[in-house]
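Trainee: Please take one part of this structure and look at it closely. I should like a connected account of that part and then of the regions beyond it.

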Amino acid sequence: MDDVAEFLGRFPPFDRLDDAELARVAGSVIMRSYRAGEDVLVEDGPPATHFFVIRSGAMALLHEEEVIDILASGEAFGHPSLLSGLAPAFTVRAHEDSVCYLLPREVALEVLGRPAGARFVAVTLRERLTRTGHTVHALPELRGAPVTSLLARPPVFCEASTPIYEAARAMGDGHVSAVLVRGAAGLGIVTDSDLRKKVVAAGLSADLPVSAVTSSPLVTVTSDRLAFDAMIDMLEAGVHHLPVVDLSGEVLGVVSSDDLLNLESRNPFALRRAIAHARDEDALVEAASHLRSLFVTLLDSGLSPQGIGRVLALQSDSVTTRLVDLAVQRFGQPPVPWAWLGLGSVARRELTLASDQDNALAYAASEKESEVDAYFERFAGLVNAGLARCGFGADAAEVLARNRAWRMSDAAWQREFQVCLEMPDRSHLVRAAVAF
C-alpha cells in the first residue's frame, strides 16, 4: 500500500493530498492489467465506473478511431464520464501491455471535488479537446482536392512517326506511365499498359512508329475539376490515364488511376494510420515519404499556413511515437520513467518541409545513472536516426536527444536551467530560449 501511495503522490491531483488522505485513497485502489489492444473505455459506450491512473505501460486516447494522445505512466482518464455519468467521449485502448490503478467513484469524487482536483479536470479536458480539434477538425475535406494536386511531373510528348522504342525510352526518362502523341488528328496517348499488351505480348516490332499503338481521341479532364470528378470520368471512359488540360486546352500533365489510388496517402488521417501501423522502420520511412504529397494537397486545398504547420507537426509526432515504440521493442522497457521532449518548430506547431528536428530527453534520477543513460543513448540514437530517414533532418547545432547535452535526468535539467538563468551568457541564453 505504501508503494501505491508513493506513486500516486507524485502526480496531480493526488500530489496535493496530505499523507493520511493519500494513504486512505491508496487503500481503496484496485489494480487491473490490460493487454495491448484491449479497450478499457469505449467512445459512446457505458459510462466509466472508476477513475483510472496508469501505473505502467501506455494508453491510447482515440476519437472516431483516430489517435488523439498517448497517455503514459502517472496520467489518468475516465474522470469526465465518471463525473457526468455520460458515455465516454473517447475510446481508451491499451497501447501496450499496461497496469492501471482504479479508484472507486466515491473516492474519485472526493479527490476531484477539491480545488486541486477541479484544476486537474479543467486542464486535462482543455488539453484533450484542443488535441481533438487539432487532429480531427483542422483540415478541409480532402475529397475536394483539385485534380491538379495529383500532377507530380510535366507531360511527355512525341511525334506520331517516333519509333515505339524511342517513345518507351521517353516514358522512362520522364518517369511517367504515358506519353502523349502528336498526330494529324490531334493528340493521342500511349501508356505503359499499351506497350505490354500491344507490343510485347503481341510480338510487334518496336521499330514501328508509335502511331501503330496510339489511342485517340483523348479523354481529358479540365484543371478546374476535382480529383473525385477525374476518378468518375476515368471509370466511365474505361481508361487508366487522363490528361489534365487548362481552360485554353494546353496539357498540364497526365493523371493515372495509380495517382487516384494514392490519393488516400494524401489524406492526413490515412497517413497517420499508415505511420502508426508501420511494422518496422523501413515501412515507416515509406509511409513518411508521402508527407510531401500531403503538403501539396493541403496547400491546394486552401488550408492556412498555420493549419499546414500544425498538421505536419502532428504527423511528426506520429512518426516519433512509432519510432519510440520500435526503440522499446529493440532495447526493452526503459529502466526509469522518462519523457521525449519536442522542441523548436515542432513544439510551436509550425513545422515545414524544410524544418530540422530539435528534441531532448529527460528521465528520472537513479543511483545507476550511467547505466540508465547508456540505455537512453541507444534509444535516442535510434529515434534521431529514424527521424532523419523519414525526412526530418538532424539539427546542425546537435539539439538532439542523442547528444548528452540534451539528454539528462530531471534533477540535472533543473540544475541546468538554474545555471542558465543565474549566469545568462550567450550560450546559456540560447539554451534557455530553445528549451523554454
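Mentor: Strand S8, residues 98-104, is mostly covered, with seven of its seven residues buried; buried means under 20% relative accessible area, exposed over 50%, and partly exposed in between, for a 1.4 Å probe and protein chains only. Strands (E, at least two residues) and helices (H or I, at least four) are DSSP runs, numbered from the N terminus. The model is a predicted one, in which local features need pLDDT of at least 70 and side-chain atom pairs count only at pLDDT 80 or more, while totals for chains, interfaces and linings use all residues. Residues are numbered from 1 along each chain as its sequence is written, and side-chain values use heavy atoms, with hydrogens and water left out.

The cover of S8 extends to both faces: Ser98, Cys100, Leu102 and Pro104 are buried on one side, and Val99, Tyr101 and Leu103 on the other. Strands of a sheet pair through backbone hydrogen bonds, in a parallel or an antiparallel sense. Here two strands count as paired if DSSP finds at least two bridges between them. Strand S1 (residues 30-34) pairs with S8 in the antiparallel sense over five bridges, and tyrosine 34 has serine 98 of S8 as its bridge partner. Strand S3 (residues 50-56) also runs antiparallel to S8, joined by six bridges; there, phenylalanine 52 is matched with leucine 102.

Proline 104 belongs to S8 as well. Setting aside residues up to four places away in sequence, proline 104 touches Ser28 and His50, where contact means heavy atoms within 4.5 Å. Its C-alpha atom is separated by 45 Å from that of aspartate 282, which stands 178 residues away along the chain.

Phenylalanine 51 links this region to the packing of side chains. Apart from neighbours within four places in sequence, phenylalanine 51 contacts Pro13, Phe14, Ala76, Phe77, His79, Leu82, Tyr101, Leu102, Leu103, Ala108, Leu112 and Phe120. The largest nonpolar core has 39 residues, and Leu8, Phe14, Phe51, Met59 and Phe77 have the most contacts inside it. Such a core is a set of buried Ala, Val, Leu, Ile, Met, Phe, Trp, Tyr and Cys residues joined through side-chain atoms within 4.5 Å. A second, separate core has 38 residues, including Ala283, Leu284, Val328 and Phe376.

One of the contacts of phenylalanine 51, Pro13, has a feature of its own. Proline 12 and proline 13 are joined by a cis peptide bond with omega about 5°, and proline 13 is in the loop between helix H1 (2-8) and H2. The peptide bond from serine 216 to proline 217 is likewise cis, with omega near 0°.

Helix H2 (19-27) and helix H4 (105-112) each give at least two residues to the lining of the second largest cavity. A cavity is, on a 1 Å grid over the protein atoms alone, a set of points where a 1.4 Å probe fits but cannot get out; a pocket is an open set with protein on both sides within 12 Å along at least five of seven lines; lining residues have an atom within 4 Å of a point. Grid points are joined across faces, edges and corners, and a volume is the space filled by probe spheres set on the points. The second largest cavity holds about 40 Å³, and its lining consists of Leu17, Glu21, Arg24, Val25, Glu110, Val111 and Arg114. H2 provides the largest share, three residues.

The second largest pocket has a volume of about 910 Å³. It is lined by 40 residues, of which Ser177, His241, Val254, Ser256 and Asp259 are the closest to its centre. Helix H7 contributes the largest share of this lining, five residues. Within H7, Ser193, Asp194, Leu195 and Val199 are buried, and their cover includes helix H6 (164-174) and S11.

Two of the residues closest to the centre of the pocket are also bridge partners: histidine 241 is matched with serine 256 in S14. Strand S13 (residues 241-245) and S14 are antiparallel and share five bridges. They belong to an open sheet of three strands, in the order S12-S13-S14 with mixed pairing. Strand S12 (221-222) and S14 are its edge strands, each pairing on one side only.
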